[in-house]
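Here is a short tour for someone meeting this structure for the first time. Look at the sequence and the fold, then read on.

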Amino acid sequence: MEATEPKFGDLLTDALRYWEPRRIVYNAALFVVVVGRFATEWPASSAAVTFDSFVSLFILGVLANVAYCAAYVVDLGVQHSTLRESWRTQRKYLLLVGILFGCALTYFISRSIVTPPGTN
């Protein structure tokens, strides 16, 4: 008897159940990076507390969450392959790489927002 391929809806549900709770961890890591940059430059960084900087950080936060959705492309692609079962135990590594990459980008971008001009 031939194994039936899972339906796209089932794979998407599996991906959502895995990735969405971990989005909180991703966002928390990015938040820690921004707060850390702000704290290390204190008190000079207090000049960066402006409406414009909050809007910039909001936009960047939304873009970071759009980038997080790239995991779905990889996840759903691999789940459609014969590697589905092993992938489900290994996708934590994609999460780790995504968090580290997001933190690195956040560090450099927040540095330009938080660090006073002329001190880079």
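The report below covers a pocket, a nonpolar core, one residue in it all, and one helix.

**The pocket**

This is a predicted model. Its largest pocket has a volume of about 630 Å³. The lining counts 27 residues, and those closest to the pocket centre are Tyr26, Leu30, Ala64, Gly102 and Thr106. Helix 1, helix 2, helix 3 and helix 4 each give two or more residues to this lining. Helix 4 gives the most, with 11 residues. What is the character of the lining: nonpolar, polar or charged? It divides into 21 nonpolar residues, six polar and no charged.

**The core**

The largest nonpolar core has 16 residues. Those with the most contacts inside this core are Trp19, Tyr26, Leu95, Ile99 and Cys103. At least two core residues come from each of helix 1, helix 2, helix 3 and helix 4. Helix 1 supplies the largest share, eight residues. Tyr26 has two roles here: it is among the residues closest to the pocket centre, and it is among those with the most contacts inside the core.

**Cys103 and Val33**

Two residues are worth following across the chain. The contacts below leave aside neighbours within four places in sequence.

| Residue | In contact with |
|---|---|
| Cys103 | Ala29, Leu30 and Val33 |
| Val33 | Cys103, Thr106, Tyr107 and Ser110 |

Val33 is found in helix 1. Is Val33 buried or exposed? Val33 has a relative accessibility of 17%, so it counts as buried, as the limit for buried is under 20%. Val33 and Leu105 lie 72 residues apart in sequence, while their C-alpha atoms are 9.9 Å apart in space. Two partners in the table also belong to the pocket: Leu30, a contact of Cys103, and Thr106, a contact of Val33, are both among the residues closest to the pocket centre.

**Helix 3**

Helix 3 runs over residues 70-79. Which of its residues are buried? They are Ala71, Tyr72, Asp75, Leu76 and Gln79. These residues cover an arc of only 120 degrees around the axis, so they sit on the same side of helix 3. The spacing fits a general rule. An α-helix has 3.6 residues a turn, so residues three or four places apart point the same way. What do the buried residues of helix 3 pack against? Their partners are helix 1 (8-40), helix 2 (51-68) and helix 4 (84-114).

How values were computed. Residues numbered from 1 in each chain as written. Predicted model: local features only at pLDDT ≥ 70, side-chain atom pairs only at ≥ 80, totals over all residues. Heavy atoms only, no water. Buried < 20%, exposed > 50% of the residue type's maximum accessible area, 1.4 Å probe, protein only. Helix = DSSP H or I, 4+ residues; strand = E, 2+ residues; numbered from the N terminus. Arc of directions from axis to C-beta. Contact = heavy atoms within 4.5 Å. 1 Å grid on protein atoms, 1.4 Å probe; cavity = no way out; pocket = protein on both sides within 12 Å on 5 of 7 lines; lining within 4 Å. Points joined across faces, edges and corners; volume = space filled by probe spheres on them. Nonpolar A, V, L, I, M, F, W, Y, C, P; charged D, E, K, R; others polar. Core = buried A, V, L, I, M, F, W, Y, C linked by side-chain atoms within 4.5 Å.
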